[in-house]
Amino acid sequence: MKIAAIVLNYNDYEGTVSALRRIDGFSCFDHIVAVDNASTDKSGDRIEEAIGKYGLRAELLRNDRNGGYGYGNNRGVRYAAEHFGAQLAVIANPDAEFSEEIVLKMAGVLEKEKDAKAVGAVMHSKNREEEPDSGNLAYEEYIHSGWKRRSPAEGMLNSGPVMRRLFRRRLNYPPEYYIGTAKQSDGSEAEYVQVYAVHGSFLMVDTEAFLETGGYDEKMFLYGEENVLAEKFFRKGYRSFLLKAGYRHGGSVSITGSGMGAVRRQKNRNASENYYYREYLHAGGAVLLMIRIFQAAVIAETAIAAVFRII
């Protein structure tokens, strides 16, 4: 099967070129597509120059506007499918560092499991000292990488740092769900588990299913795109899986380097969550009002934390 890699750039020339150079030698990728989301720092020009300078086998697409994460990645997946006939696409942030072995394992899951249309891997901080493998991945890393379908009320609780800790067991799959329960035919532990959604910094999708369902919702600019894609797949009877293998994630440089402070990022996150609850989970007015009140408290908490960090 033909596999394409999609790398979205916004004002992150160094990170994007580093990512392109890192995966350029992966034989599993038939095509590599870089998408510039109308960067304001001329990084699109610099990426194009770097592709020629280093002889990278990547093609650069330029968007005429920054339509957000979903808009940029949708165009990349669509281009790879229509122009190159890619049947699978890896969507990866520039600061997601992964191995070719993981990509091949992802493709294996999509080929093996009936109705599997998306697969992710376990994300951990770039500051992690040891290399990740299936034997040393922590529960916190699992629940941030692949999670269960939550009701609007559960999603609200998960958005608050304190409530997320207090209700962790209710809001997430239990530790034993990820480790030690699923077995393969030979009795060994399975290399992956089924989940509702996988993290958007690094995942593989079936391009036909992705485009058939409309891909990411482009009305969402940033945050929460994973839940929308998961819900679209869920309604079609498609399944998503989490591979029990780790990759490094630097922390969304294009977001943290965009000039948005913590409060503004939280407001964007709240807006995306509310859209998902309203348009996809069909939350009623009373529930949405309760969520907005709770989110206001989270904003206040975020603002206070930001002040103390500055001091």
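This is a short talk on charged pairs, one buried strand and the cavities of a predicted model.

Okay, some ground rules. The model is predicted, so local features need pLDDT of at least 70 and side-chain atom pairs count only at pLDDT 80 or more, while totals for chains, interfaces and linings use all residues. Residues are numbered from 1 along each chain as its sequence is written, and side-chain values use heavy atoms, with hydrogens and water left out.

Let's start with charges. Side chains of opposite charge can pair when their charged atoms come close. For us, a salt bridge is a side-chain nitrogen of Lys or Arg within 4 Å of a carboxyl oxygen of Asp or Glu. How many salt bridges does the structure hold? There are 12.

Take Lys105 and Glu101, with their closest N and O atoms 3.5 Å apart. Both sit in helix α4 (residues 100–112), four residues apart, about one turn of the helix. When I say helix or strand, I mean a DSSP run, numbered from the N terminus: H or I with at least four residues for a helix, E with at least two for a strand.

Other pairs reach across the chain. Arg57 bridges to Asp24, and the closest N and O atoms are 4.0 Å apart. Arg57 is in the loop between α2 (43–53) and β3 (58–62), while Asp24 is in the loop between α1 (13–23) and β2 (31–36), so this pair links distant parts of the chain, 33 residues apart. Then there's Glu140 with Arg168, at 2.1 Å from N to O. That pair also links distant parts of the chain: Glu140 is in helix α5 (residues 139–145) and Arg168 in helix α8 (residues 168–171), 28 residues apart.

Are these residues tucked away? We call a residue buried under 20% relative accessible area, exposed over 50%, and partly exposed in between, using a 1.4 Å probe and protein chains only. Arg57 counts as partly exposed because its relative accessibility is 33%. Lys105, at 29%, counts as partly exposed, and so does Glu140 at 34%. Arg168 is partly exposed too, at 31%.

One more on this topic: Asp45, Glu48 and Arg62 are linked in a network of salt bridges.

Now, a strand. Strand β10 (residues 202–206) is mostly covered, with five of its five residues buried. In a regular strand the side chains alternate between the two faces of the sheet. Here Phe202, Met204 and Asp206 point one way from β10, and Leu203 and Val205 point the other way. β10 runs antiparallel to strand β4 (residues 88–92), and five bridges join them; two strands pair if DSSP finds at least two bridges between them. As an example, Ala92 has Phe202 as its bridge partner in β10.

Last stop: Glu226, in helix α11 (residues 225–236). Which side chain of opposite charge is nearest to Glu226? That would be Arg269, 8.8 Å away, and Glu226 is buried yet has no salt bridge. (For charge, Lys and Arg count as positive and Asp and Glu as negative; His and the chain ends are not counted.) Glu226 touches Trp147, Ala197, Val198, His199 and Gly200, leaving out residues up to four places away in sequence; contact means heavy atoms within 4.5 Å.

Glu226 also helps line the largest cavity, as do Tyr196, Leu203 and Phe233, among others. On a 1 Å grid over the protein atoms alone, a cavity is a set of points where a 1.4 Å probe fits but cannot get out, and lining residues have an atom within 4 Å of a point. α11 gives the most to that lining, with four residues. That's all from me!

Key. On a 1 Å grid over the protein atoms alone, a cavity is a set of points where a 1.4 Å probe fits but cannot get out, and a pocket is an open set with protein on both sides within 12 Å along at least five of seven lines; lining residues have an atom within 4 Å of a point.
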